[in-house]
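Here's a short set of exercises to work through with the model open in your viewer. Try each one before reading its solution.

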Amino acid sequence: MTQQAAKIGLLGAGTVGSSFLELLEQRSDVFAKPSGILVRDPNKARSASVVADKVTTDPEAVIAAADIVLELMGGTDLAGDLILTALAQGKRVVTANKAVLAERWQELRPYLAQGLLYFEAAVMAGTPVIGPLTGALRGSSPLELHAILNGTCNYILSQLELGVTYQEALKEAQRLGYAEADPSLDVEGFDAAHKLTILARLAFDPDIAWESVKARTRGISQLTPAIIKEAMEDGGRVRLVGSVYPQDGAWQVEVCPVYLPAAHPLAAEASNRNGLVFYGDAVGQVFIAGAGAGALPTASAVLADTIAALAARPGPSLLPAAVPVPLDYQAEKLGEIA
Ligand SMILES: NC(=O)c1ccc[n+]([C@@H]2O[C@H](COP(=O)([O-])OP(=O)(O)OC[C@H]3O[C@@H](n4cnc5c(N)ncnc54)[C@H](OP(=O)(O)O)[C@@H]3O)[C@@H](O)[C@H]2O)c1
């Protein structure tokens with residue numbers, strides 16, 4: 001008996017969605033086919049993997065026809081509403097959308113608790129961090145976390161080090177598909193803050209509010225070539241880093257440009273790569289690094305989540321409550337660039 005292909009409803013077929021479809025086509029071991037593909041402009045030229053007769057502007061029809069739904073359109077309003085519509089219909093949903101997870105967490109939380117939502121691609125693209133933080137690393141109580149979470153900023157900072165101007169570097173990041181449609185989300189630090197909020201909730205405190213992280217976010221747009229050069233003279237680098245650490249009896253969650261000495265594990269990450277350093281009381285220091293943006297690395301994580309959703313394996317689990325803040329622990333303090 002031949003196995004029936006599962007029906008995948010795609011909400012969005014842009015950079016990530018079209019790459020996901022290309023990957024899916026190459027994988028004869030994944031029994032799934034697109035049943036509907038939502039786009040904004042049905043007349044746009046698209047790659048052959050975006051099967052023309054599945055393209056539609058009707059999101060409800062895409063959701064209704066699908067076994068599982070992939071939200072790859074971005075934004076918080078319509079995307080959030082459609083994710084909730086699909087979840088309310090009992091469908092598993094895969095998303096790469098960190099903004100919606102950061103900003104509409106409370107509405108999504110009942111479904112997250114049921115393991116119906118999958119979002120490995122939302123943080124560090126294809127480099128696995130959601131899985132480890134909600135799996136193997138749960139055996140240790142977290143002490144602190146520092147991460148480079150935005151591929152565009154990392155790429156721009158790496159280009160500035162080479163003497164390329166800020167505007168040229170941003171343009172190239174957009175051409176390479178690293179930058180968000182609205183680049184201010186990247187360069188003002190909000191994309192990194194969205195991702196850090198998700199990580200902080202999964203590893204430290206499920207109640208961390210987006211607004212409190214947003215209020216402690218600074219981006220890279222005010223950095224000058226002179227600041228970058230000065231850091232390099234000391235053998236270090238300037239990077240946009242998101243941190244969670246204990247201070248004054250509370251978990252502090254912030255994003256800002258920092259000076260990283262050459263020996264710091266995050267200092268080695270250049271171009272669009274992302275990195276994360278986690279410290280746990282039992283496990284010690286764990287360092288994870290890899291591609292943090294781009295069509296194929298992101299599509300890889302979406303495909304991995306799709307495979308998990310098709311097998312009905314639950315998505316990432318939530319902490320039942322905040323992890324107690326360690327009182328005698330001295331956290332690493334990275335030098336914030338003023
Ligand atoms: N690009 C990356 O490297 C990367 C990495 C990690 C996570 N992500 C996340 O992945 C998601 C998708 O990103 P992307 O780079 O693939 O975006 P994108 O290239 O702008 O694609 C968005 C897709 O959604 C469709 N769409 C958007 N708004 C719509 C609306 N109102 N109605 C119907 N269709 C709509 C667009 O239709 P048209 O094609 O007709 O315009 C397009 O197909 C975002 O949440 C992003 O943050 C991206």
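Domain bounds here come from an automatic or database domain assignment. Residues are numbered from 1 along each chain as its sequence is written. The model is predicted, so local features need pLDDT of at least 70, side-chain atom pairs count only at pLDDT 80 or more, and totals for chains, interfaces and linings use all residues.

**Exercise 1.** Work out how the chain is divided into domains.

Solution. Start with the bounds: domain 1 takes 6-126 + 295-310, while domain 2 takes 130-292 + 324-336. Then get the spacing: their C-alpha centres are 26 Å apart.

**Exercise 2.** Describe the side of domain 1 that touches domain 2.

Solution. First, count contacts (C-beta atoms, placed from the backbone, within 7 Å): 17 residues of domain 1 meet 18 residues of domain 2. Next, find the helices (DSSP runs of H or I, at least four residues, numbered from the N terminus): H4 (98-103) and H13 (295-310) each supply at least two residues of that side of domain 1. H4 has the largest share, 5 residues.

**Exercise 3.** Which helix gives the most to the largest nonpolar core?

Solution. A nonpolar core is a set of buried Ala, Val, Leu, Ile, Met, Phe, Trp, Tyr and Cys residues joined through C-beta atoms within 7 Å; buried means 20 or more other C-beta atoms within 10 Å of the residue's own, placed from the backbone. This core has 101 residues, and Leu 196 and Leu 199 are among those touching the most other members. Helix H10 (residues 190-203) gives the most, 9 residues. Both domain 1 and domain 2 contribute at least three residues each.

Notes
Contact = placed C-beta atoms within 7 Å. Nonpolar A, V, L, I, M, F, W, Y, C, P; charged D, E, K, R; others polar. Buried ≥ 20, exposed ≤ 12 C-beta atoms within 10 Å, placed from the backbone.
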